[in-house]
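Thanks for making the time this morning. I would like to walk you through one structure, slowly, and I will try to say only what the coordinates support.

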Amino acid sequence: MGIVSRGFHGRARPAQEKLPPGQYLTEDFPVLSAGPTPRIVRDNWTFTITTETGTAHRWTWQELLAMPAEQPTVDLHCVTKWSKLHTGWTGVPLDAFLADVETAADYVMVDSHGGYTTNLPLEDVTGGKAWVAYAFGGEPLEPEHGGPARLLVPHLYFWKSAKWVSGLELRDEDEPGFWEGYGYKNYGDPWREQRYAGD
Amino acid sequence: MPSDNHVDGNAMGGLLMDAFGREMTDARGCCASCGSEHVMAELIVYRSGPGDVLRCPSCSTVLMVATPLPSGPRIYFSRLLWLAPKERA
Amino acid sequence: MARAALRGRLTWQVADLVDRIDETAQVRSLVLDVPDWPGHRPGQHVDVRLTADDGYQAERSYSIATPADGTRVTITVERIDDGEVSPYLVDELGVGDKLELRGPIGGYFVWQPSDGGPLFLAAGGSGLVPLMAMVRARIGGGGHVPVRLLVSSRSPDEVIYGGELGMIDTDQAGVEVIQTFTRAQPLGWSGYRRRVDREMLDDVAWPASDNPRCYVCGPTGFVEAVATALVELGHEPGNIRTERFGPTGG
């Protein structure tokens with residue numbers, strides 16, 4: 001550890017509410033990306049679920065908007081230690097998409113425009129735990145935050161909430177996605193502080 | 001084209017010097033995807049939080065990812081075909 | 001001997017703040033004394049590390065504003081309003097305080113008079129800092145390379161080192177300074193009043209046929225627009241060196 005810098009506090013603020021271990025509260029919404037921001041036209045947007053047998057189910061933007069939406073209020077926990085509480089989203093639960101899909105798979109690989117990927121057990125995106133979210137704070141989701149639509153899986157570290165989501169692949173075998181392949185935990189439970197592969 | 005939230009390999013100078021034990025911003029590397037050669041300073045760098053993603057300026061392929069593990073930075077080599085530090089006089 | 005010098009560059013050193021200079025309302029230069037400083041080249045930067053008493057650490061890079069001068073290292077910091085580190089450096093750090101840094105870092109975005117020219121420098125906002133080290137090296141007795149420095153600022157109040165730039169005698173120093181102001185201009189200004197574009201660079205930069213060395217520094221959008229325009233004007237990409245400070249300018 002270095003010398004202590006007199007008077008330096010960083011952004012850390014004491015939280016009134018309980019946060020997962022190692023997290024700090026933030027009021028900002030940091031924009032962090034692994035690559036260039038894709039520019040996707042809503043009219044051309046599609047969301048595709050491909051089963052383990054290769055069957056593809058596809059939804060257009062119009063179809064997305066016609067599905068019953070929810071307005072979940074959730075806490076976000078980023079592996080870089082910031083937490084943002086009580087964020088309001090509008091989105092369609094993944095359960096609604098999967099209701100039409102026959103699968104015996106246990107895992108999903110989430111695909112995004114731009115090539116980002118993340119992997120999850122299927123049970124972590126069902127049962128009301130995940131949404132395809134297209135609005136934040138009542139406003140259409142901006143490109144820098146993952147718009148037109150991103151995955152929202154708030155019970156895991158925020159890297160699992162893939163921006164610019166384009167679809168899911170249902171898989172029998174688990175395989176690491178982008179950050180999972182670069183040192184981060186395969187699962188990523190903030191309450192058990194599962195940040196890195198060795199945790 | 002809208003400017004994205006990226007910098008370049010100059011910003012990775014300290015981390016690379018620490019990892020390789022010498023100045024590396026002028027080291028030349030080759031992209032395994034498109035074959036172009038660039039010095040490290042010219043790589044497009046996304047400081048994304050979980051890690052720094054270093055991309056080929058010609059084709060945007062991920063060449064390296066620097067992850068700040070608790071034990072210290074770890075540099076993953078993705079599609080960097082080769083790396084050649086600059087000859088010293 | 002070389003290995004000891006390298007170890008010095010890699011290890012975190014403790015510097016003393018010996019002076020602060022107000023450059024503009026948002027920008028301050030910090031004059032540091034670094035006991036084991038090995039010297040540096042214009043264009044290089046240092047990494048600065050701050051540690052809170054709970055162990056929390058933050059690191060940032062800052063360009064060195066001055067040519068090598070024994071143990072003296074001056075960095076110029078722009079206060080970013082919601083920044084984590086720059087408000088501390090600009091507002092809190094006082095003379096006598098200590099600052100941890102390592103360096104010098106950089107082997108590409110560097111220029112010394114012996115590297116030759118002519119030299120074209122393009123600065124957007126705080127991108128002027130490393131380029132000023134090059135200009136100061138040239139003026140301080142560094143050879144005869146002709147230099148043109150194009151500085152883009154929002155307004156006259158926001159020109160870093162404005163007084164010093166205004167005092168440069170082109171004929172005597174061999175350095176020509178051209179300014180453009182994108183939001184507000186000085187009274188009676190007859191110069192450029194827009195963002196740097198290809199037409200301006202065609203007027204201002206050395207012609208490509210002179211084979212100049214070009215250095216471009218500032219916000220990412222500025223750097224990429226200028227570098228692209230220089231290539232379109234016929235400059236060899238290999239003659240153009242860039243340093244992007246990110247969307248907020250550093």
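I will begin with the overall form of one chain, then take its strands, a helix and its contacts with the other chains, and end with some backbone details.

Please keep in mind throughout that this is a predicted model. Chain C is where I will spend most of the time, and it holds 7 helices and 11 strands. Its radius of gyration is 18 Å, close to the 18 Å that the globule rule gives for 250 residues, so chain C is as compact as a globular protein of that length. If you lay the C-alpha trace of chain C along its principal axes, the spans come to about 50 × 45 × 30 Å. Of the 250 residues in chain C, 46% are buried, and if we take contacts between residues at least 6 apart in sequence, 73% of them join residues at least 24 apart.

Let me turn to strand 8 of chain C, residues 147-153, which is mostly covered, with 7 of its 7 residues buried. Which residues point to either side of this strand? Val147(C), Leu149(C), Val151(C) and Ser153(C) point one way, while Arg148(C), Leu150(C) and Ser152(C) point the other way, and all are buried. You will notice that an arginine and two serines are included in that buried set.

Strand 8 of chain C has a parallel partner in strand 7, residues 119-124, and 6 bridges join the two. Within that pairing, Leu149(C) is the bridge partner of Leu121(C). Between these two strands the chain passes through helix 3 of chain C, residues 128-139, and the resulting β-α-β crossover is right-handed. Strand 8 of chain C also pairs with strand 9, residues 175-181, again in the parallel sense, over 7 bridges, and there Ser152(C) stands opposite Thr180(C).

Next, helix 7 of chain C, which has 13 residues and reaches 18 Å from its first C-alpha to its last, close to the 18 Å expected at 1.5 Å a residue. Its buried residues are Thr220(C), Phe222(C), Val223(C), Ala225(C), Val226(C), Ala229(C) and Leu230(C). As background to the spacing in that list, an α-helix has 3.6 residues a turn, so residues three or four places apart point the same way. What do the buried residues of helix 7 of chain C pack against? Within chain C they pack against strand 7, strand 8, helix 6, strand 10 and strand 11, and they also pack against strand 1 of chain B. After helix 7 of chain C comes Gly234(C), with a positive phi near 105°.

That brings us to the contacts between chains. Where chain C meets chain B, 20 residues come from chain C and 19 residues from chain B. On the chain C side, the elements that give two or more residues are helix 1, strand 6, helix 7 and strand 11, and the residues of that side divide into 7 nonpolar, 7 polar and 6 charged.

Where chain C meets chain A, 18 residues of chain C are in contact with 13 residues of chain A. Here strand 3, strand 4, helix 2 and strand 6 of chain C each give two or more residues, and strand 3 of chain C gives the most, with 3 residues. By class, this side of chain C has 7 nonpolar, 3 polar and 8 charged residues.

Chains A and B also meet, and Ser33(A) is one place to look, since leaving aside its neighbours within four places in sequence, Ser33(A) is in contact with Asn5(B), Tyr46(B) and Ser48(B). Ser33(A) sits in the loop between strand 1 and strand 2 of chain A. Is Ser33(A) buried or exposed? It counts as buried because 22 other C-beta atoms lie within 10 Å, where the cut-off is 20 or more.

Finally, some backbone details. The peptide bond from Gly103(C) to Pro104(C) is cis, with omega near 5°, and Pro104(C) lies in strand 6 of chain C. Tyr161(C), although not a glycine, has a positive phi of about 60°, and with 22 C-beta neighbours inside 10 Å it counts as buried. Asn211(C) is likewise not a glycine and has a positive phi of about 55°, but Asn211(C) is partly exposed, with 13 other C-beta atoms within 10 Å.

How values were computed. Residues are numbered from 1 along each chain as its sequence is written. Chains are lettered from A and ligands numbered from 1 in the order in which they are written. This is a predicted model: local features need pLDDT of at least 70, side-chain atom pairs count only at pLDDT 80 or more; totals for chains, interfaces and linings use all residues. Two residues are in contact if their C-beta atoms, placed from the backbone, lie within 7 Å. Helices (H or I, at least four residues) and strands (E, at least two) are DSSP runs, numbered from the N terminus. Ala, Val, Leu, Ile, Met, Phe, Trp, Tyr, Cys and Pro count as nonpolar, Asp, Glu, Lys and Arg as charged, and the others, Gly among them, as polar. The radius of gyration is taken over C-alpha atoms; the globule rule is 2.2 Å times the number of residues to the power 0.38. A residue is buried if 20 or more other C-beta atoms lie within 10 Å of its own, exposed if 12 or fewer, and partly exposed in between; C-beta atoms are placed from the backbone. Two strands pair if DSSP finds at least two bridges between them. A crossover is right-handed if, with the strands pointing away from the viewer, the path from the first strand over the helix to the second runs clockwise. The expected span of a helix is 1.5 Å times one less than its number of residues.
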